[in-house]
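User: I should be grateful for a close look at one part of this structure, the packing of one helix pair and its surroundings. Please then set that part in the context of the rest of the chain.

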Amino acid sequence: MIQRSGNVRAGLLLLIFFIAQLGIFIPNASVVKAANNGLALKPLMGWSSYSLQVYHNNSSWINATNIKAQSDAMHTTLQSHGYNYINVDAGWNGGIDGYGRPVPSTTLYPLGIVDLINYVHANGQKFGLYGIPGLSPQAYNADLPIYGAPGCSMQDIAVQPLTTSDYWGLGYKIDFTNPCAQSYIDSIADLYDSWGVDFLKFDSVTPGSGHNDTTIDARGDVKAWSDALAPYGIWLELSWALDINYIDYWKQYANGWRVDWDIECYCGTSGLTTWANIARTFPKAEEWWRHGSPGGWNDFDSLDVGNGAMDGITQDERRTAMTLWAMSSAQLYTGNDLTNLDSFGIGLLTNDEVIAVNQAGRPAHPVSTATNQQVWYANNGDGSYTVGLVNLGSSAATVTVNWSDIGLGGAASVRDLWTHTDLGTYNTGYSSVSLASHASRLLRVVSQGGSLAVNDDDTGIKYTGNWSRSYNRGLGDFKDDVHFTQTNNDYFEYTFNGTGIDLITEKDSSQGNIDIYVDGVFKQTVSTYNATRQAQQKVYGITGLANGSHTLKAVKKTGTYMLLDKLSFSVASPIQVNDTDAGISYTGTWSLSSARGFGDFKDDVHYTMNNNDYFQYTFTGTGVELITEKDSSQGNIDIYVDNVFKETVSTYNSTRLAQQTVYKISGLTPGSHTIKAVKKTGTYMLLDKLSFVSTKVQYNNTDPGISYTGTWSLNGSRGFGDYNDDVHFTQTNNDYFQFTFTGTGIELITEKEAGQGDVDIYVDNVFKQTVSTYNATRLTNQVVYGISGLTSGSHTLKAVKKTGTFMLLDSLRVTP
């Protein structure tokens, strides 16, 4: 495959060099300027011509007519979803000018390439071209002068003796120790900018491109082109099959880098690619995932999933390719014929929830690649995870993600991003049963409150200074690796959405002090010194932060080393409000339907059949979700927040779907807000539950901060709807628990049931009241005691069993 790839592309390039020998041209100047809106803050989205060039085996395929047609098709179908690059690959130029600079083919672009670039720009898109390292032999042989560099010519800048510069041996290596060499590259960049070029694919970069050594070394070319393009904001993309050992160099000078050989199968009209070429990208994704971040992204090559049979892969394989590209935050460009996309391909390429995963810039990595049934995940830093379930095997199999494997403590909700379907809340993990061969699922998993582990190699952690990663240590570190630095004042930062965070590292005799900042405020200096090595030590923690975005920063001050093993941040629990909650006010002719057996929360809903009936609910928090069924008998609902109309949402679906989030808003100012939902169309409007994001922090009964005195036991996997599906219980009177918290209030949440009785409550050692936990039937998630208005600071809640067969604790909820 590699040799065939080289021959096909070499054929395109040889055509360029052959044409260039026919004459020397002076191009017309242009005043068109490239856009400069900040480069590679997110992975690129667009289209590349090379797959179709190979498919048609026609070096003239990239003519103005065809490229304009692709631009128009992108504008119509894909552009509103973020695709905006039109990149033309090898074979676009037809010679060189009197200064050794490439000029466009007049055959391909009879009106000039600037006409084509202006056309693409008029469609609201950016335009890319292709190049390779080195100096063309004809420019060297003619010893052409270098534009804008008096006294400099081509023979001044060639390495002597003459040395090949690329995989195909088409050009001569440039000597970048001579200042004239940079002037030559600058002159070409000036020309590209004058045409309006926004992107340059730079191919045959070594080490890489079949030469993973320095026998052919294009690093000088990469730096020179990076420096030349930077003033114009032209994106530099490196290709192909780059050597990962030089990743720091690629990251310093480029906005993207190809991690493997061509995705094309070179099958002619049998297909653009094959499953084998997709499957081999998975191990490359595992190898490279740590290196994709704002400023530079991993490039998996063209995503050929939009044309159906022309793609050469099945529908399941097409979706799996899109899943891999999306969850890996790979450059998202397709090589398909955009004028001939099928409906399935359009659905893949325009799924905005999947695109959002790609553009979030959090590359996923595998739990393990030991089998063909793989779980890939990324911690998004906000209580959510992107999870990909993939079956690379040849037959159907079940693929399971365990929350503990991805660092998630507690229950989590699951949403299928391909079907836009909420799948429910799961306590320990989720299984995709009988996932077809080569098929995949792409999920959004959201913690329902608890702690989330962040390994030191998480792409959300930003290291400043001379940090390195040490792995396979065998010392008991989390995931068996750490990041470390030896330089004082080096630091790391991590931004998360939550209510608290812990810093966990090793302690050792070679380590010293670290300064800790939260949200830019110095908190304290902590010591990581110990006479002997201790792994996974918590050296700093903070709780009681307002639920929202916070940044932890840790700065090395003393000692030989500073290490980071992991972080663990706490996420506030969404507060679930059943449709029967007394706080919901129903206006109109609403009824309660219970014992439905359809999977609704607490197995009931409220419903109305009258248009303009509505409900309202006032909550204290920063966001809210409306969860209900979707069904063929349901229609549209108008949503208002704080009396302001937000949108009309549809609750229609051809089949019944339970527990569907039909409206969600976040980022509200902390405080009191009201949601109102009004029936507009359909036979029925239903309410199952509301879920709002509070500033309160929920602690499960298993939290280590809770101390139990007496004969308490843990009862898990109850299936009754308890928080995290477990409770602690005792049968002995005068047994008690205590919990010390930082905040202004606390709620005690437990079950009520016929076997339970009275509990005495103390706050800060002062008796407050006796509360009853008795009820004739079981009720879960019941607030049996709450206090607010405490002075901000440390307080202790104590609860003592007085009567009844059992006393239970489910969870505690603290108001910061």
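Analyst: The account below begins with one helix pair and then moves outward to other parts of the chain.

The model is a predicted one. The part chosen for the close look is the pairing of helix 11, residues 281-288, with helix 12, residues 315-327. Two packed helices are described by the angle between their axes and the distance between the axes. For this pair, the axes come within 11 Å and cross at roughly 10 degrees. Angles under 35 degrees count as roughly parallel, and helix 11 and helix 12 are therefore roughly parallel to each other.

Which residues make the contact between helix 11 and helix 12? From helix 11, the participants are Thr 281, Phe 282 and Ala 285. Helix 12 contributes Thr 320, Leu 324, Trp 325 and Met 327. By class, 5 of the contact residues are nonpolar and 2 are polar, while none is charged.

Trp 325 deserves separate attention. Neighbours within four places in sequence aside, Trp 325 is in contact with Thr 281 of the partner helix. Its other contacts include Ile 263, Ile 278, Phe 300, Leu 303, Ala 330 and Leu 332. Trp 325 also touches Asp 301, Ser 302, Gln 331 and Asn 358. This tryptophan belongs to the largest nonpolar core, a set of 110 residues. Within that core, Trp 325 is listed with Trp 92, Trp 195 and Leu 238 as the residues with the most contacts. Helix 7, residues 179-195, gives the most to this core, with 9 residues. Another core, of 41 residues, lies apart from it and has Val 399, Leu 435, Ile 461 and Phe 569 among its members.

Arg 318 falls within the span of helix 12, residues 315-327, and is one of the contacts of Asp 342. Asp 342 is found in the loop between strand 11, residues 332-334, and helix 13, residues 343-349. Besides Arg 318, Asp 342 is in contact with Gly 306, Asn 307 and Gly 308, leaving aside neighbours within four places in sequence. The C-alpha atoms of Asp 342 and Gly 306 are separated by 6.3 Å, although these residues are 36 residues apart along the chain. Asp 342 is partly exposed, with a relative accessible area of 24%.

A second helix pair may be set beside the one described above. Helix 3, residues 64-78, and helix 4, residues 113-122, have axes that come within 10 Å and cross at roughly 10 degrees. That angle makes helix 3 roughly parallel to helix 4. In helix 3, Ala 64, Ile 67, Lys 68, Ser 71 and Asp 72 take part, and they meet Asp 115, Leu 116, Tyr 119 and Val 120 in helix 4. The contact of helix 3 with helix 4 has 5 nonpolar, 1 polar and 3 charged residues, whereas the contact of helix 11 with helix 12 has no charged residues.

Several backbone features lie in loops. The peptide bond from Ser 239 to Trp 240 is cis, with omega near 5 degrees. Trp 240 lies in the loop between strand 8, residues 235-238, and helix 9, residues 247-253. Ala 241 is placed in the loop between strand 8 and helix 9. Its phi is near 50 degrees, a positive value in a residue other than glycine. Is Ala 241 buried or exposed? Its relative accessible area is 10%, and Ala 241 is therefore buried, the limit being under 20%. A further cis peptide bond runs from Gln 160 to Pro 161, with omega near -10 degrees. Pro 161 is found in the loop between helix 6, residues 154-157, and helix 7.

Further along the chain, an unreviewed UniProt entry lists residues 372-445 as "domain: Alpha galactosidase C-terminal". In the model this span is 0% helix and 61% strand, and its end C-alpha atoms lie 22 Å apart. Beyond that span, Lys 602 lies in the loop between strand 34, residues 591-594, and strand 35. Lys 602 touches Asn 578 and Thr 780, not counting residues up to four places away in sequence, and is partly exposed, with a relative accessible area of 41%. Asn 612 is in the loop between strand 35, residues 604-608, and strand 36, residues 614-621. Asn 612 has a positive phi of about 80 degrees although it is not a glycine, and at 48% relative accessibility it counts as partly exposed.

Key: Residues numbered from 1 in each chain as written. Predicted model: local features only at pLDDT ≥ 70, side-chain atom pairs only at ≥ 80, totals over all residues. Heavy atoms only, no water. Axes fitted to C-alpha atoms, helices over the stretch in contact; angles between N-to-C directions. Helix = DSSP H or I, 4+ residues; strand = E, 2+ residues; numbered from the N terminus. Parallel < 35°, antiparallel > 145°, perpendicular 65-115°, else oblique. Contact = heavy atoms within 4.5 Å. Nonpolar A, V, L, I, M, F, W, Y, C, P; charged D, E, K, R; others polar. UniProt positions renumbered as here; feature names shortened; annotations may be inferred. Core = buried A, V, L, I, M, F, W, Y, C linked by side-chain atoms within 4.5 Å. Buried < 20%, exposed > 50% of the residue type's maximum accessible area, 1.4 Å probe, protein only.
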